[in-house]
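Q: Please take a close look at one part of this structure and explain, step by step, how it fits into its surroundings.

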Amino acid sequence: MVAESEDFEDESLVIDCPVLVSERLVLRPPHEDDVAELVTLAHNPRIAEMLSRMPHPYGEAEARSFLTRSTLSRHAGGVYAVTLAETGAFVGCAGLNATDRGLELGYWMGEPYWRRGYATEAAHALVDLAFRATNINVLHASCRVINPASRRVIHKCGFQYAGQGMLNSLVAGKVPVERYRLDRKTWVSLRTWARL
């Protein structure tokens, strides 16, 4: 998943929700104790090439800069450390980022935690948060066209294809992305269907 810009700010999109709990995960604000695991997992070109703002190589300085940016001021949306509920292990990051189109879902998981459903579980929690904590009518998501795993997560959350575009990635340069959108009405329907 890629997020395009941090320049857009809308006070109505600021979400005050410090911790989210799902079946297997706890999404919480990133903190100092995450630095070592963050560096270990984020220093992976396979992850960085799929994202817009993650540099490679990724070391302690990059991790500390990320922590500072995520905690300095209130931004639209929110950034979360994704951790395992059972052990507290840091497994990746997820968030809702402000773009010129509105809020956009973003996530990455460390490679040792791929193919376990954690990205989908974190994404579901953030989609629910976005629609419950704000008055948005549409939530956005995007992924590189060469990222089928992220596309599956996006589809499992109910997003619908909305076109293609280009994105500037720190690692990969200008790359094509697929854009998706999920409207509030569809989200409500999906929430209702899940209970049947």
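A: **Helix 4 and its surroundings**

Helix 4 comprises residues 118-133, 16 residues in total, and spans 22 Å from its first C-alpha to its last, close to the 22 Å expected at 1.5 Å a residue. The model under discussion is a predicted one. Within it, helix 4 is mostly covered, with 13 of its 16 residues buried.

The wider setting is as follows. The protein has 6 helices and 8 strands, and along the sequence these follow the pattern β-β-α-α-α-β-β-β-α-β-α-β-β-α. Of its 196 residues, 51% count as buried. Among contacts with a separation of 6 or more, 66% are accounted for by residues 24 or more positions apart. The protein exposes about 9800 Å², of which carbon and sulfur atoms supply 53%.

The part played by helix 4 in the interior may be considered next. The largest nonpolar core has 53 residues, of which W108 and F159 touch the most other members. Helix 4 gives the most to this core, with 10 residues. In soluble globular proteins, nonpolar side chains tend to be buried together. For W108, the residues touched beyond four places in sequence are L38, L41, A42, I47, L51, M54, F90, G92 and C93.

One residue of helix 4 deserves individual attention, namely E121. E121 counts as buried because its relative accessible area is 12%, and the cut-off for buried is under 20%. Its side chain reaches the backbone nitrogen of R24 at 2.6 Å. Beyond four places in sequence, E121 touches S22, E23, R24 and L25.

The last of these contacts, L25, leads to the strands. Strand 2 covers residues 25-28 and pairs with strand 3 in the antiparallel sense over 4 bridges. In this pairing, R28 stands opposite A81 in strand 3. Strand 3, residues 78-84, is itself mostly covered, with 6 of its 7 residues buried. Strand 3 also pairs with strand 4, residues 90-99, in the antiparallel sense, here over 6 bridges. In that pairing, V79 stands opposite G95 in strand 4. The hairpin of strand 3 and strand 4 has 5 residues between the strands, and in this hairpin G88 takes a positive phi near 80 degrees.

The loop between helix 3 (60-72) and strand 3 contains A76. A76 is classed as buried because its relative accessible area is 6%, where buried means under 20%. Although 21 residues separate A76 and N97 in sequence, their C-alpha atoms are 6.7 Å apart in space.

A final residue, R46, offers a contrasting setting. R46 is found in helix 2, residues 45-48. R46 is partly exposed because its relative accessible area is 45%, which lies between the limits of 20% and 50%. Leaving aside neighbours within four places in sequence, R46 is in contact with E111 and W114. With E111 the contact is polar, side chain to side chain, at 2.5 Å. R46 and G110 are 64 residues apart in sequence and 9.8 Å apart in space, C-alpha to C-alpha.

In summary, helix 4 is mostly covered and gives the most residues to the largest nonpolar core, while the side chain of its buried residue E121 reaches the backbone nitrogen of R24.

Notes. Residues numbered from 1 in each chain as written. Predicted model: local features only at pLDDT ≥ 70, side-chain atom pairs only at ≥ 80, totals over all residues. Heavy atoms only, no water. Helix = DSSP H or I, 4+ residues; strand = E, 2+ residues; numbered from the N terminus. Expected span 1.5 Å × (residues − 1). Buried < 20%, exposed > 50% of the residue type's maximum accessible area, 1.4 Å probe, protein only. Pairing = 2+ DSSP bridges. Core = buried A, V, L, I, M, F, W, Y, C linked by side-chain atoms within 4.5 Å. Contact = heavy atoms within 4.5 Å. Polar contact = N/O pair within 3.5 Å; in protein donor to acceptor, adjacent residues only side chain to side chain. Areas by Shrake-Rupley, 256 points an atom, 1.4 Å probe, with all protein chains shown as cover.
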